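This briefing introduces a protein structure to a reader who has not met it before. Please view the sequence and the structure together before reading on.

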Amino acid sequence: RWPEPWVKARTGGSDDHGLLNVGRTWTEFPAEVQSPAQILDCLRSGMCRPGGEAGSSAKLAHTFYGIAVRYYSRYIMAPGATPNFTTSLLQTIVGEKPMPTRAQLAGAVVRSKVKKAWKRVTRPFVKPPAEEHTAVLKRLFVESLNKRVTEYPQLRDALEKGLPPLGEHEQMFNFVSKINRDISDGLASAISKSIDDASFTGLFDSIAAIMAQQFVMSPYYFSVFHQNKERHLLRQITAQHTPKTPATLKVALFTDTLDEVNGVGRFLRDMSEQAAGQSRQLTIHTSVPAGNLRFDLPNRKNFVPLLSRPLPYYEEVILNLPPVLEVLDWSDRQQFDVVHVSTPGPMGLCGWLVSKMLRVPLLCTYHTDFPAYVDKLARDHRVTNGTAAYMNWFYAQAATVFSRSNAYRFKIGDLGVGEENIRQILPGVNVAKFNVEHRDATIWSSHGVKEKYRLLYAGRVSVEKNLPMLAEAFRKLCEKRRDAALIVVGDGPYLEKMRRELAHLPAYFPGYQDDAQLPKLYASSDLFVFPSRTDTLGQVVIEAQASGLPALVTPDGGPKESIEDGRSGIVVPETTAARWAATIGELLDDEPRRKRMSHAAAQRASRYSLTKTFDHFWNEHLHACKAASAEPGTISTAPAALTKP
């Protein structure tokens with residue numbers, strides 16, 4: 001008797017071999033092998049060889065679809081009833097009925113054209129019925145089918161050979177994925193129209209259609225999870241477990257931001273570069289429209305989103321809805337060892353699902369204080385509390401949560417994460433890219449800057465960065481002097497308003513600057529002003545310091561840890577415009593002090609190393625992988641029940 005769930009076996013089609021299924025692979029073994037212990041010896045000795053047909057999640061899902069369609073046709077449909085177009089199509093796809101003849105297809109085309117013509121004739125006289133419940137789903141399905149079917153000739157070839165197209169597993173999965181995209185886009189448009197028309201009926205019908213859509217896709221979701229349910233048993237059965245090393249570890253990183261000008265994107269791009277340089281198996285997963293890819297990284301995997309919509313309260317930020325099924329299928333084939341989530345958005349949720357599916361550790365980085373951001377943007381305590389509740393739930397799922405600074409360890413603890421599960425990532429900066437050697441006094445003429453002193457801000461131009469206070473401080477500074485310019489590098493929702501508020505003042509807005517220009521702007525400025533109170537680290541502050549730029553920061557958040565107060569910069573004790581204006585003025589008038597700070601800033605930043613940061617980052621993931629393998633209840637060798645003769 002086979003001791004479940006360790007192995008599943010069946011007899012082959014002949015008397016000279018049997019087939020052993022472990023996880024997803026059938027293995028052929030000699031006929032004389034009869035007991036579990038003999039099979040284990042066979043596996044260990046190398047006597048057996050791969051045989052049979054390998055399984056896959058798509059194959060399992062298609063099996064479920066075939067069973068469901070056949071069951072519906074034979075037991076649910078009324079005897080003698082004529083199936084509708086959709087049912088007939090599904091029956092053909094699973095092989096329940098043959099492909100329609102040319103005459104039948106021609107007749108269907110003629111009937112369709114006659115029906116459409118009749119609708120056009122009667123349209124002025126008859127009010128078209130509103131789509132109810134899942135009728136919109138059926139319409140979108142048929143429209144997508146007609147559009148996509150010509151893209152997959154292999155499915156047509158299978159039909160003509162009398163084979164069910166559902167057996168073409170890879171092609172059918174891609175076909176279904178395209179249809180799923182079309183339906184999702186159509187449902188999103190239906191929801192938008194219902195909101196614009198203030199139609200609650202249409203809104204609820206669209207929501208019902210979404211639920212039906214996900215129900216139809218459920219066999220795929222079930223299959224990818226089921227196929228990985230006993231993955232960890234493979235090494236236990238064979239007693240062949242090779243410990244992971246830095247070179248063999250496979251890490252899947254999921255993020256909702258990579259191309260934007262912010263500290264998260266900079267950190268991830270730096271980690272990507274380090275991983276490629278050290279031949280580490282790091283894959284960064286994103287979901288942005290193909291036309292919005294700004295950085296073509298060698299270890300990046302981008303999924304074209306199902307939908308892209310502006311984020312509420314922050315329309316400049318686009319919320320991309322990733323194709324979850326495609327993400328799960330890709331991850332299922334890659335079989336990552338650890339999952340890392342950098343942002344708790346839609347792609348972060350995909351990362352969480354992947355970790356659950358593969359049963360591997362989930363690690364997260366608390367890059368952004370989202371509750372504080374939402375509080376600044378929405379000004380609604382209910383939205384802020386809801387965001388905080390979601391963050392509490394999300395980070396509680398992680399085995400390890402990384403903090404970018406000591407200041408935010410307490411914040412992470414407030415989310416319910418135990419102190420033993422909190423780690424701090426060593427800060428790092430590319431000192432070859434950001435250094436004092438890039439100073440170029442002529443760069444300002446290209447931006448129209450004529451003033452003697454340059455105050456630089458770099459980052460997202462948004463209210464949560466406390467930029468309204470900086471704008472007010474600069475106005476107060478200009479009341480006393482006109483020899484200083486404020487240069488705001490970056491883009492964001494507050495940009496146009498800030499530009500208007502500082503009109504007729506020496507304020508310049510060069511917008512986004514790439515890595516060829518940004519180091520020069522840092523090194524050629526006189527002061528870096530960063531008034532944010534919600535940043536977990538402030539990567540731009542470290543870059544400014546590496547460029548020999550004294551920095552002014554607030555006493556809140558992580559940026560204050562990136563400077564040495566009074567030596568390489570100043571932690572302004574008050575976040576008032578008057579205090580900031582006075583501090584800026586004092587430093588501009590004290591050139592010897594600024595030069596001392598500039599030298600100290602460059603010295604301080606020189607001890608930061610991206611290599612050390614990446615090594616620490618990678619070793620933490622390796623540790624999490626090894627810890628998960630050694631958890632109580634995990635057996636590193638085959639169980640006794642399988643080793644007894």
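The points below cover confidence, cysteines, nonpolar cores and one helix.

The structure is a predicted model, in which local features need pLDDT of at least 70 and side-chain atom pairs count only at pLDDT 80 or more, while totals for chains, interfaces and linings use all residues. Residues are numbered from 1 along each chain as its sequence is written, and side-chain values use heavy atoms, leaving out hydrogens and water.

**Confidence**

- The average pLDDT (the predictor's confidence in each residue, from 0 to 100) is 83 for the protein, and 83% of the residues score at least 70.
- Residues 1-25 have a pLDDT below 50, and this stretch has 58 contacts (heavy atoms within 4.5 Å) beyond near neighbours in sequence.
- Residues 632-645 also stay under 50 in pLDDT, with 28 contacts beyond four places in sequence.
- Where pLDDT is low, the predicted coordinates should not be read in detail.

**Cysteines**

- Zero disulfides (pairs of cysteine sulfur atoms within 2.5 Å) are found in a search of the whole structure.
- Cys 350 is buried (under 20% relative accessible area, with exposed being over 50% and partly exposed in between, for a 1.4 Å probe and protein chains only), at a relative accessible area of 3%.
- Cys 364 is buried, with a value of 0%.

**Nonpolar cores**

- The largest nonpolar core (buried Ala, Val, Leu, Ile, Met, Phe, Trp, Tyr and Cys residues joined through side-chain atoms within 4.5 Å) has 63 residues, and those touching the most other members include Leu 455, Phe 474 and Tyr 522.
- Helix H16 (residues 467-480) gives the most to this core, contributing eight residues; helices (H or I, at least four residues) and strands (E, at least two) are DSSP runs numbered from the N terminus.
- A second, separate core holds 30 residues, among them Leu 328 and Val 401.

**Helix H10**

- Helix H10 (residues 263-277) has 15 residues, which should span 21 Å at 1.5 Å a residue (1.5 Å times one less than the number of residues); its end C-alpha atoms are 21 Å apart, in agreement.
- Eleven of the 15 residues of H10 are buried, so the helix is largely enclosed by the rest of the structure.
- The cover over its buried residues includes strand S5 (250-254), strand S6 (281-286) and helix H22 (610-629).
- Asn 262 caps the N-terminal end of H10, with a side-chain oxygen 3.3 Å from the backbone nitrogen of Val 264.
- Ser 279, just after H10, takes a positive phi of about 60 degrees.

Terms used
Polar contact = N/O pair within 3.5 Å; in protein donor to acceptor, adjacent residues only side chain to side chain.
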